[in-house]
Structure formats: C-alpha cells, structure tokens
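Me: I am in my first year and would like to read a protein fold step by step, with the reasoning spelled out. Could you take my questions one at a time?

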Amino acid sequence: MTTETLDLCVDYPLFVNTDTITSFVPSVGPGWVPLVREMLDELRVMTQDYPTQPHFTDIKEKFGKLDAHTDVGNEEIYDLFDKYNEISEHVCALCGNYSDRNTEGYELCQPICRSCING
Ligand SMILES: [Zn+2]
C-alpha cells in the first residue's frame, strides 16, 4: 500500500499563507487524503473569483469526522466543510473505503472500518 501525501504549501499554495509557513500537512489518516483533495479541488473552483482566497488554519480529525478551518469564511465555504464533515463519517481514515464504521464502545469516535480494526 502506498501512502499518498499531501502538503498544501506544495499542492494548494493559494490556500495557505506561504509567507509564514513552508509546510501544511493535514493531520488526518491516509484514507482521508483523497477526500481532503476532493474538498480542496471543489473549494478552488468555488473561490476562483473571490478577491482574496481563504487560508487554512487547520485540517484535522475531530470526533471521528473531518474538521477544517480557514481564516476567513462565508456560508458557501461552511456548507462545503459541512458536506465533507458528513461524508468523512462514512470513510475509513486508514484504508479510505466507504464502509460501515465500528460504532461500539471505545471505538465509537474512531473513523476506522471493521476490516481495519480486525486486521
Ligand atoms: Zn478501513
């Protein structure tokens, strides 16, 4: 299995303040990297005519879901983040499969599918 890497400073420099940082790697599992890319691609199309681009301050997993924050935002952007927040609930953070998630006990908030947990 190859692990896809994502550094916003390299792949989406418009969405980070490259004056102050040189690397921005979302802290999510490898299974979510394609999902994050999809969100960023959609955001890029959405904001192409914006006078200023939103800069990400955080992209992480929180309570088992994708959690993204930018320095400026509006309803359109927040709706997009909400959409991917909901999609991520059904995507395994390890293998990226759209699947049933373990919803029992301790693992309740872990965005990991049953096959990954059971090995
Ligand atoms: Zn999995």
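Reply: Gladly, and one definition helps before we start: two strands pair if DSSP finds at least two bridges between them. Please keep in mind that this model is predicted.

Me: In which sense do β1 and β2 pair?
Reply: Strand β1 covers residues 56–62 and strand β2 covers residues 65–70, and six bridges link the two. Among the facing residues, Ile59 stands opposite Ala68, while Lys62 has Lys65 of β2 as its bridge partner. The sense in which β1 and β2 pair is antiparallel.

Me: Which residue in the turn of the hairpin has a positive phi?
Reply: The hairpin is formed by β1 and β2, with two residues between them. The residue in question is not a glycine, although its phi is positive, near 50°. The residue in the turn with this positive phi is Phe63.

Me: Is Phe63 buried or exposed?
Reply: Phe63 is found in the loop between β1 and β2. A residue counts as exposed if 12 or fewer other C-beta atoms lie within 10 Å of its own. Because Phe63 has 10 C-beta neighbours inside 10 Å, the label for Phe63 is exposed.

Me: What pattern does the chain follow when read along the sequence?
Reply: The secondary structure of the chain comes to four helices and two strands. Taking these elements in order along the sequence, and writing α for a helix and β for a strand, gives the pattern α-α-β-β-α-α.

Me: Which element supplies the largest share of the largest nonpolar core?
Reply: The largest nonpolar core has 18 residues, and those with the most contacts inside it are Val28, Trp32, Val36, Met39, Leu40 and Leu66. Both α2 and β2 supply at least two residues of this core. The largest share, which is four residues, comes from α2.

Me: Are α2 and α3 roughly parallel or roughly antiparallel?
Reply: Helix α3 covers residues 75–88, and its axis comes within 11 Å of the axis of α2, the two crossing at roughly 160°. Angles over 145 degrees count as roughly antiparallel. The crossing angle therefore makes the relation of α2 to α3 roughly antiparallel.

Me: Which residues of α3 make the contact with α2?
Reply: The crossing of α2 and α3 is right-handed. On the α2 side, the contact is made by Leu35, Met39, Glu42, Leu43 and Met46. Leaving aside neighbours within four places in sequence, Met39 is in contact with Leu80 and Tyr84. The full set on the α3 side is Glu76, Leu80, Tyr84, Ile87 and Ser88.

Me: Why does Ala93 count as buried?
Reply: Ala93 has its place in the loop between α3 and α4, where, not counting residues up to four places away in sequence, Ala93 touches Val28, Gly29, Gly31, Trp32, Glu61, Pro111 and Ile112. A residue is buried if 20 or more other C-beta atoms lie within 10 Å of its own. Ala93 counts as buried because its number of C-beta neighbours inside 10 Å is 23.

Me: How far apart in space are Ser99 and Ile112, C-alpha to C-alpha?
Reply: Ser99 is also placed in the loop between α3 and α4, and with 15 C-beta neighbours inside 10 Å Ser99 counts as partly exposed. Not counting residues up to four places away in sequence, Ser99 touches Cys92 and Cys113. Ser99 and Ile112 are 13 residues apart in sequence, and in space, C-alpha to C-alpha, their separation is 9.2 Å.

Me: Which residues is Val25 in contact with, leaving aside its neighbours within four places in sequence?
Reply: Val25 lies in the loop between α1 (8–11) and α2 (33–46), and with 13 C-beta neighbours inside 10 Å Val25 counts as partly exposed. One residue to examine is 19 residues from Val25 in sequence and 5.9 Å from Val25 in space, C-alpha to C-alpha, namely Leu6. Leaving aside neighbours within four places in sequence, the residues in contact with Val25 are Leu6 and Asp7.

Me: What percentage of the residues of the chain count as buried?
Reply: Among contacts in the chain with a separation of 6 or more, 46% are accounted for by residues 24 or more positions apart. Turning from contacts to burial, the chain has 119 residues, and the part that counts as buried is 21%.

Definitions and conventions
Residues are numbered from 1 along each chain as its sequence is written. This is a predicted model: local features need pLDDT of at least 70, side-chain atom pairs count only at pLDDT 80 or more; totals for chains, interfaces and linings use all residues. Two residues are in contact if their C-beta atoms, placed from the backbone, lie within 7 Å. A nonpolar core is a set of buried Ala, Val, Leu, Ile, Met, Phe, Trp, Tyr and Cys residues joined through C-beta atoms within 7 Å. Axes are lines fitted to C-alpha atoms, for helices over the stretch in contact, and angles run from 0 to 180 degrees between N-to-C directions. Angles under 35 degrees count as roughly parallel, over 145 as roughly antiparallel, 65 to 115 as roughly perpendicular and the rest as oblique. A crossing is left-handed if the near helix is turned anticlockwise from the far one by less than a right angle, and right-handed if clockwise.
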